[in-house]
Amino acid sequence: MLRFLATLLCALVFVPPLEAQLDYYARVGLTGSSHLVQDFIFQPISTTPGIAPTLVGGLSMPLAPRYGVGIEGTYTTGGLSAATEAGDEDIDLGNVSTLSALANVDGPLGPGFRWRVGVGIISYRGEDAGLFAGGGTLRWLVGGGLDYRFAAFSSWDIMVSGRYDMNRFTTDELRSRGFTRTQSVHRGGLTLGLARSHR
Amino acid sequence: MSRRFITAACALSAVTACGEIGAPTRADHYEWRFTNGPDTISFHWPRTAHPVRFWVADTFNLPTHTETAIANWKRALLYRDFEGELVADSNAADVIVKAGFPPGGGGILIGRAPECEALTDIELDFDGRNITLPMHVYVARRFDPDLPETQRCFALVMTHEVGHVMGIFRHSTDPDDIMYFAPTVEQPSLRDRQTAEILHQSRVTVTTTRRGE
């Protein structure tokens with residue numbers, strides 16, 4: 001997998017980029033996540049990231065007449081909190097940030113729409129306490145989504161994207177405390193930005 | 001197209017199956033409550049009382065050891081169940097840390113190590129189910145306090161005593177735990193951490209009042 005990602009990155013960086021066809025974009029938005037940890041001490045305790053401001057940047061190039069290949073990086077940062085089933089109060093656990101890279105392929109779906117799916121890695125970083133006391137963690141990631149673009153300026157399109165990705169979360173600290181297996185974490189995001197136009 | 005979609009959906013289902021992390025049972029904890037016959041007293045600081053305020057005498061390097069002890073326990077807990085800070089005014093303190101022994105002798109929770117000893121004195125009214133604040137921690141040396149071994153001893157007994165202040169009102173029977181009566185380890189063990197996590201999710205069965213209120 002790492003070899004695939006490295007090859008893709010090299011292709012994007014070093015292959016004469018067919019400048020006119022290289023596509024790049026940047027977006028901002030929000031990402032929501034399912035819980036990272038489901039604990040149980042007399043009652044269920046869920047640790048969940050809050051809705052997180054999101055930055056996205058990406059590159060892609062044609063792979064076939066209708067399909068492309070690219071890489072997309074996403075950064076999110078937001079609060080982390082724990083809540084008991086009784087719901088008496090949310091416990092503030094500081095901040096958590098993620099940085100992910102998704103190698104992807106994309107294709108047409110309809111006028112202005114394209115689908116995008118890929119695999120990659122995601123890095124979680126949090127405060128030096130609690131579930132990140134032993135440091136951050138790097139996990140595999142699968143994801144995909146839809147892009148919608150429409151002409152806005154002479155050289156740029158407005159790009160609206162919806163994304164979903166999934167990873168299986170744990171940390172060294174959780175393992176050292178006796179947590180077993182990993183937690184499926186599902187994330188969804190909506191972002192808005194600009195993409196280079198090919199008109 | 002529909003066959004491809006079904007295949008993709010099946011693949012996604014396979015990846016996301018068994019989606020829940022397995023929480024530890026924390027069955028390896030030890031008793032932390034005061035007992036009086038069949039009656040038990042359980043205490044932890046409510047989040048509204050965070051950060052717990054420590055006034056620390058400026059001797060034996062105790063302020064630094066106290067801050068380190070607070071940090072050790074803070075790092076040991078998953079859910080920020082304990083926060084503490086040092087304050088300059090002893091009148092505002094929840095916990096007073098001094099060198100020496102209690103004026104009247106006694107002290108209920110004693111931790112001993114070869115180079116030093118310490119105790120936590122908690123004024124607990126069993127019948128009234130009330131703790132009168134501030135709690136007191138006393139740290140005494142057995143050797144030259146400037147020796148590295150003695151300083152190391154102060155560090156580990158402070159982590160032990162802050163464990164008592166936090167609500168672990170008993171001693172562990174395992175020498176590998178910081179809450180063993182004669183601690184030798186410098187950090188809370190897994191058993192210490194699990195015990196602390198359980199106590200912080202347990203029901204508090206005493207009230208607290210401040211002396212003079």
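**Strand β7 of chain A, the contact between chains A and B, and local backbone features**

Along strand β7(A), the side chains alternate between two faces. Arg114(A), Arg116(A), Gly118(A), Gly120(A), Ile122(A), Tyr124(A) and Gly126(A) point to one face and are buried. Phe113(A), Trp115(A), Val117(A), Val119(A), Ile121(A), Ser123(A) and Arg125(A) point to the other face and are not buried. The model described here is predicted.

Strand β7(A) is paired with two other strands. With β6(A), the pairing is antiparallel and extends over 14 bridges. Within this pairing, Ile121(A) of β7(A) is the bridge partner of Ala101(A). The two strands β6(A) and β7(A) form a hairpin, with two residues between them. In the turn, Gly112(A) has a positive phi of about 85°. The pairing of β7(A) with β8(A) is likewise in the antiparallel sense, and twelve bridges are found between these strands. Here Gly118(A) has Gly143(A) in β8(A) as its bridge partner; Gly118(A) is also one of the residues on the buried face of β7(A).

The loop between β7 (113-126) and β8 (137-151) of chain A contains Gly130(A). A residue is buried if 20 or more other C-beta atoms lie within 10 Å of its own. Gly130(A) has 26 C-beta neighbours inside 10 Å and therefore counts as buried. When residues up to four places away in sequence are not counted, Gly130(A) touches Leu93(A) in its own chain and Leu78(B), Tyr79(B) and Arg80(B) in chain B. Between the C-alpha atoms of Gly130(A) and Gly94(A) the separation in space is 9.6 Å, whereas the separation in sequence is 36 residues.

The contact between the two chains was then examined as a whole. In chain A, 25 residues are in contact with 20 residues of chain B. On the side of chain A that touches chain B, the elements giving two or more residues are β2 (37-41), β6 (90-110) and β10 (183-196). The largest share, five residues, comes from β2(A). By residue class, this side of chain A divides into 14 nonpolar, eight polar and three charged residues.

Chain B has 213 residues, of which 37% count as buried. Its secondary structure comes to four helices and nine strands, arranged along the sequence in the pattern α-β-β-β-α-β-β-β-β-β-α-α-β. Among contacts in chain B between residues at least 6 apart in sequence, 71% join residues at least 24 apart.

Phe34(B), in strand β1 (residues 34-36) of chain B, is a buried residue of this chain. It is classed as buried because 20 other C-beta atoms lie within 10 Å. With residues up to four places away in sequence left out, Phe34(B) touches Thr40(B), Ile41(B), Leu124(B) and Phe169(B). From C-alpha to C-alpha, Phe34(B) and Asp144(B) are 34 Å apart in space, and 110 residues separate them in sequence.

Several backbone features complete the description. Most residues other than glycine have a negative phi, and most peptide bonds are trans. Against this background, two cis peptide bonds in chain B may be noted. One joins His50(B) and Pro51(B), with omega about -5°; Pro51(B) is placed in the loop between β2 (39-41) and β3 (52-56) of chain B. The other runs from Leu133(B) to Pro134(B), with omega near 5°. Pro134(B) is part of strand β8 (residues 130-141) of chain B.

Positive phi values are also found in residues other than glycine. In Arg181(A), phi is near 55°. This residue lies in the loop between α2 (172-176) and β10 of chain A. Arg181(A) is partly exposed, because 13 other C-beta atoms lie within 10 Å. In Arg80(B), phi is near 50°. The position of Arg80(B) is in the loop between α2 (62-76) and β4 (84-86) of chain B. With 19 other C-beta atoms within 10 Å, Arg80(B) is therefore partly exposed. Arg80(B) is also among the residues touched by Gly130(A), the buried glycine in the loop between β7 and β8 of chain A.

Key:
Residues numbered from 1 in each chain as written. Chains lettered and ligands numbered in written order. Predicted model: local features only at pLDDT ≥ 70, side-chain atom pairs only at ≥ 80, totals over all residues. Buried ≥ 20, exposed ≤ 12 C-beta atoms within 10 Å, placed from the backbone. Contact = placed C-beta atoms within 7 Å. Nonpolar A, V, L, I, M, F, W, Y, C, P; charged D, E, K, R; others polar. Pairing = 2+ DSSP bridges.
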